[in-house]
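The following note is offered to accompany the model shown below. Its points take up the contact between chains, then selected elements, then the domains.

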Amino acid sequence: MTTHPVRFYQVGSFAAGNRLLDDDQRSVQADPNRSNSLDSGHRACQGCGEALGARYALDAAMRATHGQLVAVNATGCLEVFSTPYPETSWRIPWLHSLFGNAPAVATGVAAAMKVKGRRDVRVVAQAGDGGTVDIGLGCLSGMFERNDDVLFICYDNEAYMNTGVQRSGATPPAARTATTEAVGPEPGNVFGQGKDLPRIAMAHDIAYVATATVADLHDLEQKVERAMELRGARYIHILVPCPLGWGSDPSATIRVARLAKETGLFPVFEAENGVVTSASPIRRRTPVEAYLSIQRRYAHLFGEHPHTEVIARLQAIADKNIETYGLLDDEAKQATPEGIDE
Amino acid sequence: MELPFAITLDVGSSRANRTGSWRIERPVYVDRLPPCNDACPAGEDIQGWLYQAEPGDYEAAWRQLTEDNPFPAVMGRICYHPCETACNRAELDEAVGINSVERFLGDLAIDRGWALPPVRDDSGKRVLVIGAGPAGLSATYHLRRLGHHVRLVDSSPQLGGMMRYGIPAYRLPRSVLDAEIARIIALGVDVELGHTVHDIEGERSESGADAVFLAVGAQLGRRVDIPAGDSSRVLDAISVLHRVADDDPPMLGRRVVVYGGGDTAIDAARTARRLGATDAVIVYRRNRERMPAHGDELEEALGEGVTMRWLTTVNRFDNDRLVLEKMRLNDDGFPEPTGEFEEMGADSLILAVGQDTDLSLLERSRGIAVDDGVVGVLPTMMTGENGIFAGGDAVPSARTATVAIGHGRRAARSIDAFVSGHAAEADGERHELATFDRLNTWYYSDAPRTRRPELERVRRQSTFDEVVGGLTEDNALFEARRCLSCGNCFECDNCFGVCPDNAVIKLGPSQRYEIDYDFCKGCGICVQECPCGAIDMVPERI
């Protein structure tokens with residue numbers, strides 16, 4: 001009988017930290033000396049997913065660059081809640097641009113650093129989904145095409161939340177927003193429209209494209225770290241639930257993000273040079289109802305006369321993602337801990 | 001300060017904005033009572049010692065365990081582990097194998113020769129403990145640690161009570177029992193064996209004892225009136241087990257019938273198999289659901305070839321013909337005779353229909369209430385007689401070794417209070433139960449339970465070798481780490497990580513966390529994402 005050492009660590013890498021793991025295996029967020037790039041006192045709503053996602057991503061980037069980081073921020077919630085004049089929540093060099101030109105400004109910062117010979121200083125540009133998939137798409141596509149040395153991060157909360165929850169090109173089908181009211185024969189946002197920006201980014205054949213959620217911290221941090229190892233244009237798309245716009249409980253922000261991934265509605269994967277290299281498998285497969293029913297933006301699908309056909313169409317989207325990205329692979333392997341001889 | 005053109009205010013940090021004022025509910029760290037601890041009759045802090053074992057600090061784990069129970073190696077073999085029945089992990093995959101980790105720690109301690117902590121300075125108080133079974137030895141241990149002098153007497157030639165004379169060696173090897181008892185006696189105990197107490201009051205004054213703990217157990221096998229022929233061999237299970245323990249096994253023959261449905265009936269049948277019986281049949285009046293014996297024991301017995309006759313009673317025993325009567329359960333679940341009879345051949349009949357306590361030593365103690373053959377006690381374990389306490393099988397209880405050990409511990413505390421003249425230390429405020437619905441099980445790694453190897457069936461049918469093996473260190477560590485730490489922070493850093501407002505302060509290893517209420521907006525994410533349910537949300541007073 002061969003024996004292997006037991007590798008089992010109670011919460012493994014699911015939780016932020018774990019006293020049973022070595023420090024270097026814990027997340028950046030478990031480090032009491034993390035940079036807290038986005039400081040306390042910001043005006044984001046209770047339970048804001050974007051505030052969380054921004055700190056996760058930028059703290060990871062700060063560690064990866066040893067603190068040599070500049071961030072360019074498009075207009076949007078993140079900018080508004082973090083910098084009401086004259087206060088700032090940013091503990092990193094931070095520039096605010098217009099709504100649509102953050103990628104171009106970031107290109108400029110990267111060029112300036114190159115001229116100054118500061119290859120050690122890295123540039124991150126960040127925006128919400130409106131600033132990324134709609135208003136800033138031209139500049140972003142140009143930045144990708146020129147392969148400028150910028151990591152662009154989109155915090156996707158699936159609508160224009162700052163201005164009052166209007167539909168964006170990232171709003172999912174059937175979701176209620178202020179401009180896609182839950183009225184008429186097909187209430188909420190229409191099916192068949194909208195933009196899948198990670199795939200658009202991949203079509204530019206840039207070095208690195210990844211998706212992540214605030215529900216899987218280790219995965220998110222590893223992707224930021226990987227992105228900072230590479231040069232050229234890179235793109236990370238992070239799903240950040242918005243309690244206000246989605247009508248979810250502020251305490252449920254991470255749970256909602258987790259369900260987005262576990263249902264298959266939000267595929268979590270990474271791609272290099274235009275090719276998908278890995279996908280995070282679903283651990284506990286869940287029907288889409290579990291995700292939809294805890295958000296008031298989908299409330300019209302439920303109640304006394306549920307729109308089962310709409311729910312079925314959304315389930316079909318999830319099923320297609322599962323098939324396209326192979327999200328059920330390795331499930332069986334995960335269930336068995338390594339190194340146990342029975 | 002000179003400000004640039006069109007700038008009228010100095011730049012400042014958003015920390016000036018105390019967003020804590022938005023809050024209408026606040027998160028508060030709590031400790032809840034894990035269901036294992038709640039269920040442990042011996043009062044162990046199971047979650048606590050598993051926590052110590054998780055990083056591999058087995059000695060610390062063992063020390064924490066023995067704060068409450070000096071018998072981990074014994075418990076790890078014979079305890080019916082109500083902790084595992086209560087374990088929240090059972091709802092996730094399978095209960096944590098607490099019992100096997102306990103055994104691992106107990107065996108390791110014996111192997112490494114770890115000693116129990118030194119006793120306190122002599123208190124000058126003397127306690128007489130009557131009965132050296134689990135209750136008496138547990139009380140002795142705790143009393144010695146508190147600095148009291150203990151005189152421990154027992155009528156048997158050896159220490160251990162039913163752990164030695166009732167539990168067969170294939171479940172509890174004597175070397176293990178001896179080692180754990182020796183550790184207690186090494187604390188300095190005045191032991192007198194082969195000494196039967198006939199009068200508790202007289203013995204008390206002779207010993208000059210300030211208090212007495214009565215733990216004489218239930219040593220008398222109960223008999224039922226079964227018509228039997230002159231040459232029919234009828235024995236009681238307790239005597240059979242006692243004689244086997246004394247290395248003087250009775251002749252049972254090849255066809256042995258055991259009458260009864262408790263753990264003792266099963267022990268007797270399994271022992272009969274080992275003494276050479278080809279047929280060991282347990283006859284029980286009720287069905288399996290109503291059998292008081294523990295499921296694990298029954299499974300092991302069936303695995304060894306013991307057979308069951310459910311809903312059957314013994315009518316009479318004519319020489320080697322046993323007449324059985326079929327029973328049925330009435331609407332209230334009581335067995336009723338059916339008038340249907342059958343016969344089977346049997347060489348001996350072992351009665352395992354309950355045990356009684358010999359309380360003749362109490363005849364002169366009018367203050368002590370005896371009801372239904374057992375001694376009545378207060379929650380402090382004190383009898384009606386001032387300074388006389390009782391526990392174990394001699395008081396109303398589930399009559400397991402673990403319960404007895406818990407009695408010993410509780411009685412020791414009460415005795416300490418009594419002889420020292422201070423009020424009995426209250427058990428402390430019990431935390432609310434850490435229920436399964438409070439856990440966020442997403443965060444726990446998937447991990448099925450590690451099984452203890454069982455001796456091959458054939459081998460254990462003929463010998464008294466131990467049946468259930470122990471875990472290796474790797475497996476024990478794995479098993480300990482399956483603990484969910486229900487209701488008690490285990491420092492996973494999740495609250496610290498998931499706060500969108502950086503309002504959780506990490507205080508450092510084993511210092512846990514603190515909420516920064518200046519900035520906590522009260523969103524409750526930390527509460528939802530705490531794996532073990534150690535944070536509560538409470539309304540703010542506005």
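1. The contact between the chains draws 45 residues from chain B and 46 residues from chain A, two residues being in contact if their C-beta atoms, placed from the backbone, lie within 7 Å. On the side of chain B that touches chain A, the elements giving two or more residues are strand E1 (12-13), helix H16 (473-480), helix H17 (494-498) and helix H18 (525-529) of chain B. Helices (H or I, at least four residues) and strands (E, at least two) are DSSP runs, numbered from the N terminus. By class, this side of chain B has 21 nonpolar, 12 polar and 12 charged residues; Ala, Val, Leu, Ile, Met, Phe, Trp, Tyr, Cys and Pro count as nonpolar, Asp, Glu, Lys and Arg as charged, and the others, Gly among them, as polar.

2. The model is predicted: local features need pLDDT of at least 70, side-chain atom pairs count only at pLDDT 80 or more, and totals for chains, interfaces and linings use all residues. Residues are numbered from 1 along each chain as its sequence is written, and chains are lettered from A and ligands numbered from 1 in the order in which they are written.

3. Strand E2 (residues 87-88) of chain A runs parallel to E1(B), joined by 2 bridges; strands pair if DSSP finds at least two bridges between them. Glu87(A) has Gly12(B) as its bridge partner.

4. In helix H10 (residues 200-207) of chain B, Ile200(B), Arg204(B) and Ser207(B) are buried, that is, with 20 or more other C-beta atoms within 10 Å of their own (exposed: 12 or fewer; partly exposed: in between; C-beta atoms placed from the backbone). These residues lie on the same side of H10(B) because they cover an arc of only 75° around the axis, the arc being that of the directions from the helix axis to the C-beta atoms. On the other side of H10(B), Gly202(B), Ser205(B) and Glu206(B) are exposed. The cover over the buried residues includes strand E3 (126-130) and strand E4 (149-154) of chain B.

5. Strand E15 (residues 348-351) of chain B is covered on both faces, with Ser348(B) and Ile350(B) buried on one side and Leu349(B) and Leu351(B) on the other. Strand E8 (residues 234-236) of chain B runs parallel to E15(B) with 3 bridges, and strand E9 (residues 255-259) of chain B does so with 4 bridges. Leu351(B) stands opposite Asp236(B) and is also the bridge partner of Tyr259(B).

6. The C-alpha centres of domain 3 and domain 4 of chain B lie 31 Å apart, the domain bounds coming from an automatic or database domain assignment. In the contact between them, 7 residues of domain 3 of chain B meet 10 residues of domain 4 of chain B.
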